Structure formats: C-alpha cells, structure tokens
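Trainee: Got a minute? I'd like a quick tour of this one.
Mentor: Sure, let's open it up.

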Amino acid sequence: MSQTTTYQEPLVSRYTSPEMQYLFSAEKKFTTWRKCWVALAEAQYELGLTDIVTPEMIAELKANVNNIDYDIAAQKEKEIRHDVMAHVYEYGLKCPTAAGIIHLGATSQFVVCNTDLIVQREGLLLAKKALLQVISNMAEFCDEHKDLATLGFTHYQPAQPTTVGKRNTLILQDLVMDLNYLDFLLDNIKARGAKGTVGTQATFLDLFKGDHAKVRALDELVAKKLGFSSTFDVTGQTYTRKHDMKLAETLAGIGSTAHKFAVDLRLLSNLKVQEEPFAKNQTGSSAMAYKRNPMRSERMTGLARKLMNLPQNFAATYANQWFERTLDDSAIRRMDIPQCFLLTDAILKLFINISSDMVVFPKQIEKHLRAELPFMSTEKILMEAVEKGENRQDMHELIKEHSLAAGKVVKEEGLDNDLLNRLAEDDRIPFDLDSLLAMITDYTQFTGRASAQTTDYLTEVINPLLQKNSEYMGEIDSSLSV
C-alpha cells in the first residue's frame, strides 16, 4: 500500500528530527538486541564458560550484528508469534557456529528491557542537547531585553510593570528545572542486566554451577559492556515500570514549560508586543491576508497537550504489573515510549526555532504602558503630594474620584485614559500636567529590580550552567518542514 492510502504518523512525517526517529527504528532496535546478545556471550566467556562459548562464536556474532534479513525474521515471527525468538532464529542462520549459544540463559526481556533503556538514554541525551539550546536562546533574549519596561499582568489584568527580559527569566528558570530533572534521570538510569526469567537468575546460576559470585559478576559485566555503570538491584521479568513512569513525567515537564511559553507568546501576539518569527512567504489565513497567526506557538501548544497527558498511561501500566510481570505493558509501551520522545523532540525543535528569532515591538509596548501607567502612578502622585504638605487622606479621595471617572470613560466610551489631565485640571491637586507626565516618563522607576534580577540570574545561574554543559552544545537543525 502507498503512503497516500495508509495512515502516516505526523510526528514522523511532519515534526521530528531524523536523529530521534532513528532511535525508534527497526534497525536500531534489532541491531541493539544483537549487541545485547554479544555482550552476554562475551561476559559468559570471560567469566569462565569457555567450554560452552568460544572466541570464534563471539567473533561470528560480532561480524553479523548489522547483517539482518528482516523478511526471514518477519516470516518466523508470523509462524511462532514471538518476535525475540524469531530474531534468535534469524541470527542463528547468519551465525551457524554460534547459533546454540545465542540468548543463552536469558529471557526475552533481557534484550527488550536492556535495549529500551539504551534507547531511552540516547533519547534523553538528544533532548538534553536541544533543551540546552533553548536555554541558550532564551538567555540571549533575556539579556537583550532586560531593560525594556513592559506592562506586567496578573490574572491577565494590567499590573505593575516589569521588563521583557525579566518576564522571560520565569520561563528560563522553569527550563533549568526541566534540565535538572532530566539530568537526575540520566544519572540514575540503569541496565536491567542479566536477571533471568523472573528476575531470580536461576538459569544463570545453573550455568555457573551454583557460583553466586559469578552470576552477580555476569550481571555487572553485561551492564558495563552495554554502557551502564550499574543495574537495577532487583527485577521481576522486566525492570520496574516505575522507571517508565518517571521518564514520562520528566519529559512531560518539558512539555508543560513549552505549553506555558507558547500560550504566553500567543497572548502577547494578540497584544502586538511580542511575536514568534514570521516567514517571508508565510500565510496567516486563507481569507484574511493581513493576519500573522502564531502558528508555531499554536502547534507547540497542541503537541505539549498530548505529551502532558501521557504520564497517566505510564502510571496505570506500572500499577497493573501483577507480581513478576504481566503482558498488558507491551502494546501500550510500543506506542507511548516512542511518542514521549518524539513529542519532546518536536516541541524542543519548535522551541529552538521560535526562541532564536522572536520579535519585540517597543512602540506598542510603550502604548500599553502609557494607557495604564496613569493608574499605576497614583501611589507615586499621592506620596509626592504629601511631601508638598497635602493631607494624605484628602489626596487619596481626590485621586480615587478621578481614577474611577477616568476608568469609566475608558471602558464605557472607548476613549483614552485622561486621568493625568483630570488631576492637572483640579486646583486642589498641587501638580500641573507637565509635572504629572514627568512622573511617568522614566518607566524604569516602576520596574524595581527587574533588570538587576535578570542580570544576576544570567550571571550567577545560566552562564555557569551553559559553561558546565558546553560539551552538549552544538548546532541543531530547527528548521520546520511545514
């Protein structure tokens, strides 16, 4: 069947990087299975099973890691309904000398679980690299706009001004939290190792004639050969699915940060103060030619929504693993683990793309400030009036009276905020219009330590973090296919 007559996964066809896609390919999966079998045979030989495993067998296995006949494996799986044993059979055809020792003493989850953990580790490293690029982009943006005063919002209502840079440090800090959780997961990811059918290592104990020390050494040596520093201390047939649950929660955390950032940017775009990049030939609407829709942020919102909802599947799967293992984890993990990583990849790709070239409109920002600052400057006006000898309570009542009247005009008549004019025309208030305007001309007097906080955070936290992780920094293709 052609691509036009069967469903195509959008995460693959539209949104994700070739590097992340490859991690969940058949080639990656089955060649890694073979590397697990090689590691097992090598460890068994090195620990003394030289009467069963020979150097010639190991060399034959190594030489055929990438030599897979997928048609034969698929035919055998259709016949016996077992994917691992189908590939044991096919590998054996390529390695006739070693055929008898492939998968020796192991259960299917020896290759399945260890391969899953290898792929997850590599996927987390790809996500880390992309996340660091987002952090770098956002840090540059924060630094560039640390002094640019902008209207703050609480409850999406106008509030005390902040700066564009400071506002974006809020997202930057959340991204750093995401990185910390991701690093914790990377530091604690372990191999399943060689644990046997239900995790008791009974078959390996038989192979090593009851030598417990050799069986423990086998577990550790296999893990080392697969690139892990340790194994899960105990397992059933599989490694605990609690790990998958924590994996999903960590990746969903990145999704939640991206979701907040994207929604904020969509709101700012509506206010015409900050926008995502807009391609030269991009079309915002099929009917309204003038529109600049925040399409990338909208896409990121949708993808993040999907990612944020996946952890509940992993929690349910973990909670339903009866005793040593039940197979209801298999089908859902085939879908959800790749989707977790592909969604994270797609989201970070968008995040890099957007954060690399965001647009800010200072004049529009100033327009919003001028519309609201007269209200926010009333406390300053009140205090300066008191310094001139006026009674605080009297001034408070007068300012409140004019503020309510000005607000009514703005809301009910759609006119500009004329509070300062009203105050200047009131002889009871000791300021003319020029004096009142002077009180709000310097916007930075309303932003407190926003600029300094931004500088401190970038200097004390972000710059050292990026320097510490410089080995993971590199060019990432964030171009979008659609």
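**Helix α12 and its surroundings**

Trainee: Which residues of α12 are buried?
Mentor: R296, S297, M300, T301, L303, A304 and L307. Buried means under 20% relative accessible area, exposed over 50%, partly exposed in between (1.4 Å probe, protein chains only). Helices (H or I, at least four residues) and strands (E, at least two) are DSSP runs, numbered from the N terminus.

Trainee: Is this predicted or experimental?
Mentor: This is a predicted model: local features need pLDDT of at least 70, side-chain atom pairs count only at pLDDT 80 or more, and totals for chains, interfaces and linings use all residues. Residues are numbered from 1 along each chain as its sequence is written, and side-chain values use heavy atoms, leaving out hydrogens and water.

Trainee: What covers those buried residues of α12?
Mentor: The cover includes α1 (10-15), α11 (242-271), α13 (311-319) and α14 (330-355).

Trainee: New topic. Where does K272 sit?
Mentor: In the loop between α11 and β3 (274-275). K272 counts as exposed because its relative accessible area is 51%. Its phi is near 65 degrees, positive in a residue other than glycine.

Trainee: What sign does phi mostly have?
Mentor: Most residues other than glycine have a negative phi.

Trainee: And F323, buried or exposed?
Mentor: Exposed, because its relative accessibility is 82%. F323 lies in the loop between α13 and α14. Its phi is also positive, about 50 degrees, although F323 is not a glycine.

Trainee: Back to helices. Where is K242 found?
Mentor: In helix α11. K242 is partly exposed, since its relative accessible area is 32%.

Definitions and conventions
Contact = heavy atoms within 4.5 Å.
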